[in-house]
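User: Hello! Could you walk me through this structure, one question at a time?

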Amino acid sequence: MKISRHAKIIELISRHDIETQEELADYLNNSGFKVTQATVSRDIRDLKLTKMSVNGGRQKYVILKPEEGISEKYIRVLKDGYVSMDMAQNILVIKTVSGMAMAVAAAIDAMHWREVVGSIAGDDTVMCAIRTTDDTEAVMDKIRKIVSKGI
C-alpha cells in the first residue's frame, strides 16, 4: 500500500501544483487512498520532497533530483512496478503493475541516462524514446540489472 501511495504522490505532484500537505491529502483521498495529514507528512519525508517556487509566489512540492548515482527510491519504484519490457528498434516499451507506469517513467527519467531521450506513461505502460537501437539494448541491460538484483 505504501509503495502504491508513494507512486501516486509522485504522479500527483508531477501533474498538479500542490502547495500544502492538506492539498496532497485531498488529492490522495480523492484517488482512493484514505490518508491522514500525519501519513502525508511521513510520506513527504520518506520521498524527500521539497518545495520550489512557481509563478505568482506560490510553492509546490517537487522531488529532489539525486546529485550522483541512482537514488534507492527510484530503484525501489522501478523494481516494484516493473513487469516486462520489449523493444521496437529505438523505442523501449515497459509494462508495469497497473497504476505504476507514471512512477516508473519518472524513475527512469530521474536516472538521467544519456541514452534515454524521454519517457511517456499510461496506466501500465511506459514508452521510452532511446537514441539508437544499440542504446536500447544497453538501457534494457541496465533495467535488467536493477530489477534482478538492485544494481
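User: Thanks. Where is the place of Ser 119?

Analyst: Happy to help. This is a predicted model, in which local features need pLDDT of at least 70, side-chain atom pairs count only at pLDDT 80 or more, and totals for chains, interfaces and linings use all residues. Residues are numbered from 1 along each chain as its sequence is written, and side-chain values use heavy atoms, with hydrogens and water left out. Helices (H or I, at least four residues) and strands (E, at least two) are DSSP runs, numbered from the N terminus. In those terms, the place of Ser 119 is strand E5.

User: Does Ser 119 count as buried or exposed?

Analyst: Buried means under 20% relative accessible area, exposed means over 50%, and partly exposed is in between (1.4 Å probe, protein chains only). Ser 119 has 17% relative accessibility, so Ser 119 counts as buried.

User: Which side chain does the side chain of Ser 119 join in a polar contact?

Analyst: Let's begin with contacts, meaning heavy atoms within 4.5 Å. Leaving aside neighbours within four places in sequence, Ser 119 is in contact with residues including Ala 105, Ile 108 and Val 126. A polar contact is a pair of N or O atoms within 3.5 Å; within protein, one must be able to donate a hydrogen and the other to accept it, and residues adjacent in sequence count only if both atoms are side-chain atoms. At 3.0 Å, the side chain that Ser 119 joins is that of Asp 109.

User: What is the order of the strands in the open sheet of four strands?

Analyst: Two strands pair if DSSP finds at least two bridges between them. In this open sheet the pairing is antiparallel. The edge strands, each pairing on one side only, are E3 (82-88) and E5 (116-121). Written out, the order is E3-E4-E6-E5.

User: Which residue in E4 is the bridge partner of Met 85?

Analyst: E3 and strand E4 (residues 91-96) run antiparallel and are joined by six bridges. For Met 85, the bridge partner in E4 is Ile 94.

User: What angle does the direction of helix H5 make with that of E5?

Analyst: Axes are lines fitted to C-alpha atoms, for helices over the stretch in contact, and angles run from 0 to 180 degrees between N-to-C directions. Helix H4 (residues 72-81) lies across E3 and E4, at about 85° to E3. Helix H5 (residues 101-110) packs on the sheet and touches E4, E5 and strand E6 (125-130). With the direction of E5, that of H5 makes an angle of about 165°.

User: How many salt bridges does a search of the whole structure find?

Analyst: Side chains of opposite charge can pair when their charged atoms come close. A salt bridge here is a side-chain nitrogen of Lys or Arg within 4 Å of a carboxyl oxygen of Asp or Glu. One of them links Asp 43 with Arg 5, with the closest N and O atoms 2.5 Å apart, and both residues are buried. Over the whole structure, the search finds nine.

User: How many residues apart in sequence are the parts tied together by Asp 135 and Arg 114?

Analyst: Their side chains meet in a salt bridge of 3.5 Å, N to O. Asp 135 counts as buried at 11% relative accessibility, whereas Arg 114 is exposed, with a relative accessible area of 55%. Asp 135 is found in helix H6 (residues 133-149). Arg 114 lies in the loop between H5 and E5, so the pair ties together parts whose separation in sequence is 21 residues.

User: With which residue does Glu 115 form a salt bridge?

Analyst: Glu 115 is buried, with a relative accessible area of 7%. The closest N and O atoms of its salt bridge are 3.1 Å apart. The partner lies in helix H6 and is partly exposed, with a relative accessible area of 27%: Lys 142.

User: Which element gives the largest share of the largest nonpolar core?

Analyst: A nonpolar core is a set of buried Ala, Val, Leu, Ile, Met, Phe, Trp, Tyr and Cys residues joined through side-chain atoms within 4.5 Å. The largest one has 42 residues, and those with the most contacts inside it are Leu 24, Leu 92 and Ile 143. Its largest share, seven residues, comes from H5.

User: Which residue in E2 does Ser 53 stand opposite?

Analyst: Strand E1 (residues 49-53) and E2 run antiparallel, joined by five bridges. Strand E2 (residues 59-63) is mostly covered, with four of its five residues buried. Opposite Ser 53 in E2 stands Gln 59.
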